[in-house]
Structure formats: structure tokens, C-alpha cells
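Work through the following exercises with the sequence and the structure side by side, and try each task before reading its solution.

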Amino acid sequence: MVGFVTENNQTFAGRHLLVDFFQCQHNASMEEISSVMIKACKATGATVLFHHAHPFEGDGSSGAVILAESHASWHQWPENSFVAIDFFVCGDCDPTLALPLLRQLFEPQQDRKSTRLNSSHTDISRMPSSA
């Protein structure tokens with residue numbers, strides 16, 4: 001479902017997940033990443049609208065998946081065995097459900113993740129309404 005997220009009687013724009021994968025054992029191609037990102041987005045419960053990827057010299061790539069519930073993106077530096085991933089979803093979607101597919105693809109030796117409710121932890125139900 002598209003819409004705001006309510007937890008503990010507070011309303012937020014959505015859930016944000018940032019993941020850094022270090023020492024990736026698999027140097028995935030842009031096509032592999034695009035395919036798995038789409039599957040990962042669907043695993044969160046999101047609806048994929050479209051996606052775009054761009055290759056860089058040296059096998060790196062960046063891409064975005066636009067969702068009815070917001071977006072997901074990646075930036076890959078294979079020369080550093082590093083991938084940065086960003087999910088922002090609203091409604092009933094759970095971005096952490098994407099992690100198993102992404103870990104399986106990249107095989108990181110280490111990762112760091114940050115999750116939060118919207119970008120500022122601000123309860124939007126307490127914000128002044130526009131007149």
C-alpha cells in the first residue's frame with residue numbers, strides 16, 4: 001500500500017534503509033544488479049514502475065528503481081569491492097526484506113546498514129498544515 005507509515009502512534013513519510021557492502025566477493029555486472037534490485041524491491045512489497053542503470057568505465061555502475069512507494073538505488077565501485085545501496089519506501093513495505101537477495105548477489109565480507117523512519121525522524125502528523 002502506498003501512503004505514510006504509522007508506528008507507535010506517530011506518522012512518518014516512510015522507511016529509509018542505507019546499506020554499504022564492503023569486500024564484495026562477487027563483481028556483479030550492471031545487468032545482474034538491475035535484475036536483483038528489481039527482485040529485491042518486489043521482496044519489500046513495493047511496486048516497480050521503471051528502472052534505469054548506467055555503466056561506468058572499469059565495470060562500475062549506478063542505477064535507480066522507481067517505485068510507486070518511492071525508490072531504490074545503487075552505486076558500485078568494483079575496483080574497491082564496494083557497493084552502496086539506498087531504499088526509501090512508504091506504506092506497508094519493509095526495506096530490510098531486500099537484504100538477503102542483495103547479500104547473496106554481492107557476497108560482502110562486511111556490511112554496514114542504517115535504518116530510520118523518514119529522513120529527519122520528524123513525526124509529520126505534528127507539522128503545521130498549510131492553509
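**Exercise 1. Find out how well strand β5 is covered, and how it is joined to the strands on either side.**

Step 1. In this predicted model, strand β5 is mostly covered, since five of its seven residues are buried. The strand spans residues 61-67, and a residue counts as buried when its relative accessible area is under 20%.

Step 2. Turn to the pairing with β4, which runs antiparallel to β5 and is joined to it by seven bridges. Along this pair, Phe-50 stands opposite Ile-66, and His-51 stands opposite Val-65.

Step 3. Look at the connection between these two strands: β4 and β5 form a hairpin with five residues between them, and Gly-58 in that turn has a positive phi of about 90 degrees.

Step 4. Now follow the chain onward to β6, which a hairpin of two residues joins to β5. The strands β5 and β6 pair in the antiparallel sense over seven bridges, and one of the bridge partners is Ser-70 in β6, which is matched with Leu-67.

**Exercise 2. Decide whether Ser-62 is buried or exposed, and describe its surroundings.**

Step 1. Place the residue in the fold: Ser-62 belongs to strand β5.

Step 2. Compare its value with the cut-off: the relative accessible area of Ser-62 is 17%, and buried means under 20%, so Ser-62 is buried.

Step 3. List the contacts beyond four places in sequence, which for Ser-62 are His-52, Ala-53, His-54, Phe-56, Trp-74 and His-75. With His-75 there is also a polar contact of 2.8 Å between the two side chains.

**Exercise 3. Put the strands of the open sheet in order and identify the strands at its edges.**

Step 1. Begin with the whole chain, which contains two helices and eight strands and follows the pattern β-β-β-α-β-β-β-β-α-β along the sequence.

Step 2. Six strands form the open sheet, in the order β4-β5-β6-β7-β3-β8, with antiparallel pairing. The edges are taken by β4 (48-55) and β8 (108-117), each of which has a single partner strand, so one side of each is left without a neighbour in the sheet. On average, neighbouring strands here are turned by 10 degrees against each other, direction ignored.

Step 3. Examine one pair inside this order: β6 (residues 70-77) and β7 (residues 82-89) are antiparallel over eight bridges, and His-71 stands opposite Phe-88 in β7.

Step 4. Add a helix to the picture: α2 (residues 99-106) lies across β3 (15-24), β7 and β8, and its direction makes an angle of about 20 degrees with β3.

**Exercise 4. Describe the largest nonpolar core and the elements that build it.**

Step 1. This core holds 28 residues, and those touching the most other members are Phe-21, Met-37, Ile-85, Phe-87, Leu-102 and Phe-106.

Step 2. Two or more residues each come from β3, α1 (30-43), β5, β6, β7 and α2, and α1 gives the most, with seven residues.

Step 3. Set this beside a general tendency: in soluble globular proteins, nonpolar side chains tend to be buried together.

Step 4. Take Phe-87 as an example; beyond four places in sequence its contacts include Leu-17, Met-37, Ala-40, Cys-41, Thr-44, His-71 and Leu-102.

**Exercise 5. Compare the burial of Thr-44 with that of Leu-101, and state what each residue touches.**

Step 1. Thr-44 sits in the loop between α1 and β4, and with a relative accessible area of 3% it is buried.

Step 2. A polar atom of the Thr-44 side chain lies 3.3 Å from the backbone nitrogen of Ala-46. Farther along the sequence, beyond four places, Thr-44 is in contact with Phe-87, Val-89, Cys-93, Asp-94, Pro-95, Leu-97 and Ala-98.

Step 3. Leu-101, by contrast, is found in helix α2 and is partly exposed, with a relative accessible area of 28%.

Step 4. Outside its neighbours up to four places away, Leu-101 touches Val-36, Lys-39, Ala-40 and Ala-43. Of these, Lys-39 is 62 residues from Leu-101 in sequence, yet the two C-alpha atoms are 7.9 Å apart in space.

Notes
Residues are numbered from 1 along each chain as its sequence is written. This is a predicted model: local features need pLDDT of at least 70, side-chain atom pairs count only at pLDDT 80 or more; totals for chains, interfaces and linings use all residues. Side-chain values use heavy atoms; hydrogens and water are left out. Two strands pair if DSSP finds at least two bridges between them. Helices (H or I, at least four residues) and strands (E, at least two) are DSSP runs, numbered from the N terminus. Axes are lines fitted to C-alpha atoms, for helices over the stretch in contact, and angles run from 0 to 180 degrees between N-to-C directions. Contact means heavy atoms within 4.5 Å. A nonpolar core is a set of buried Ala, Val, Leu, Ile, Met, Phe, Trp, Tyr and Cys residues joined through side-chain atoms within 4.5 Å. Buried means under 20% relative accessible area, exposed over 50%, partly exposed in between (1.4 Å probe, protein chains only). A polar contact is a pair of N or O atoms within 3.5 Å; within protein, one must be able to donate a hydrogen and the other to accept it, and residues adjacent in sequence count only if both atoms are side-chain atoms.
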